[in-house]
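Biologist: I am new to this one, and I would like to go through it with you step by step. Could you show it to me before I start asking?

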Amino acid sequence: MLHKKTALLRAAAPVAVLAVALTACGGNKKSTTTTTDDAPKTEKGSSAPAGGGELKPGQGGTGKFKEESGTITYEVAAQKVHVSTEAETKKLVSDPKRAKGLVAATAWVKYTNKGGGVVKESPDVADESEIYADGQRGGLLIGAAEDGPGCEDTLDIENWKAGQSHTICQTYMIPKGAKSVEVHWAGEDQSGSPLIWKFDNAG
């Protein structure tokens, strides 16, 4: 899986040199990433029924996802999004020229195992989380540090049992000045309709 390959690349990359890969807007992606930016907190919302649709920040929706150890039912809730400044973004990328006109956006997403088995190691559920800006999917940032405040490294997650939650971050490059930022997640039972959290004033 691409996620596993990316995880190995992250583990091998020197701390001071971050590997960067930008995917074209609307293209495919399969990887998880995080940054070290601080982010404002949002209040935890109540759970929503299964199925796609728009949710409030912090509100959870459910969906199934096939991990290597079996199909797990997850409750997913995008907690908050932080959009970095251009100066902060330049520190995150290995080639600032490639990031011209772009800024890094990081989403904190909480996943709760609701049943279906134990995820033995390195969950892939966060692969389905994407960040959109003004209706267009951003470019995935690969190789950012996994030590952002409140972020967990998927390589450190083992024996994830039902009832347990983990917060996994994703970082995408989006156009500077975007007015609307959304987090999308689509599990196997969403029938093409993802769960969507909209953050109008991400900062």
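The talk below goes through sheets, salt bridges and surface charge.

Modeller: Happy to help! This is a predicted model, in which local features need pLDDT of at least 70 and side-chain atom pairs count only at pLDDT 80 or more, while totals for chains, interfaces and linings use all residues. Residues are numbered from 1 along each chain as its sequence is written, and side-chain values use heavy atoms, with hydrogens and water left out.

Biologist: Which strands are the edge strands of the open sheet with mixed pairing?

Modeller: Helices (H or I, at least four residues) and strands (E, at least two) are DSSP runs, numbered from the N terminus, and two strands pair if DSSP finds at least two bridges between them. This open sheet has five strands in the order 1-12-11-6-7. An edge strand here pairs on one side only, and the two that do so are strand 1 (53-55) and strand 7 (136-137).

Biologist: Which residue stands opposite glycine 53?

Modeller: Strand 1 and strand 12 pair in the parallel sense, over three bridges. Opposite glycine 53, in strand 12, stands leucine 195.

Biologist: And how many residues of strand 12 are buried?

Modeller: Buried means under 20% relative accessible area, exposed over 50%, and partly exposed in between (1.4 Å probe, protein chains only). Strand 12 spans residues 195-199 and is mostly covered. Of its five residues, the number buried is four.

Biologist: Which residue of strand 12 does valine 183 stand opposite?

Modeller: Strand 11 and strand 12 run antiparallel and are joined by five bridges. Valine 183 faces a partner in strand 12, and that partner is tryptophan 197.

Biologist: At the other end of the order, what is the bridge partner of alanine 133?

Modeller: Strand 6 (residues 129-133) runs antiparallel to strand 7, with two bridges joining them. Alanine 133 has its bridge partner in strand 7, namely glutamine 136.

Biologist: What is the strand order of the open sheet with antiparallel pairing?

Modeller: This sheet also has five strands. Its edge strands, each pairing on one side only, are strand 2 (61-67) and strand 8. The order is 2-3-4-10-8.

Biologist: Why is strand 10 largely enclosed by the rest of the structure?

Modeller: Strand 10 pairs with strand 4 in the antiparallel sense over eleven bridges, and valine 103 has isoleucine 174 of strand 10 as its bridge partner. Strand 10 is also joined to strand 8 by two bridges, again antiparallel. It counts as largely enclosed because, of its eleven residues, the number buried is nine.

Biologist: Which residue of strand 10 stands opposite leucine 140?

Modeller: Glycine 139 stands opposite methionine 173 in strand 10. For leucine 140, the residue opposite is tyrosine 172.

Biologist: How many salt bridges does a search of the whole structure find?

Modeller: Side chains of opposite charge can pair when their charged atoms come close. A salt bridge is a side-chain nitrogen of Lys or Arg within 4 Å of a carboxyl oxygen of Asp or Glu. With that cut-off, the search of the whole structure finds three.

Biologist: How many residues apart are lysine 176 and glutamate 86?

Modeller: These two form a salt bridge, with the closest N and O atoms 2.8 Å apart. Lysine 176 lies in the loop between strand 10 (165-175) and strand 11 (181-185), and glutamate 86 lies in helix 2 (residues 86-92). Lysine 176 is exposed at 52% relative accessibility, whereas glutamate 86 is partly exposed at 34%. The pair links distant parts of the chain, and the separation is 90 residues.

Biologist: Is arginine 137 buried or exposed?

Modeller: Arginine 137 forms a salt bridge with glutamate 130, the closest N and O atoms being 3.8 Å apart. Glutamate 130 is buried, at 17% relative accessible area. Arginine 137 has a relative accessible area of 2%, so it is buried.

Biologist: How far apart are the closest N and O atoms of aspartate 200 and lysine 198?

Modeller: Aspartate 200 is partly exposed, at 46% relative accessibility, and lysine 198 is partly exposed too, at 35%. They form a salt bridge whose closest N and O atoms are separated by 4.0 Å.

Biologist: Where does aspartate 156 lie, and is it buried or exposed?

Modeller: Aspartate 156 is in the loop between strand 8 (139-140) and strand 9 (158-160). Its relative accessibility is 62%, so aspartate 156 counts as exposed.
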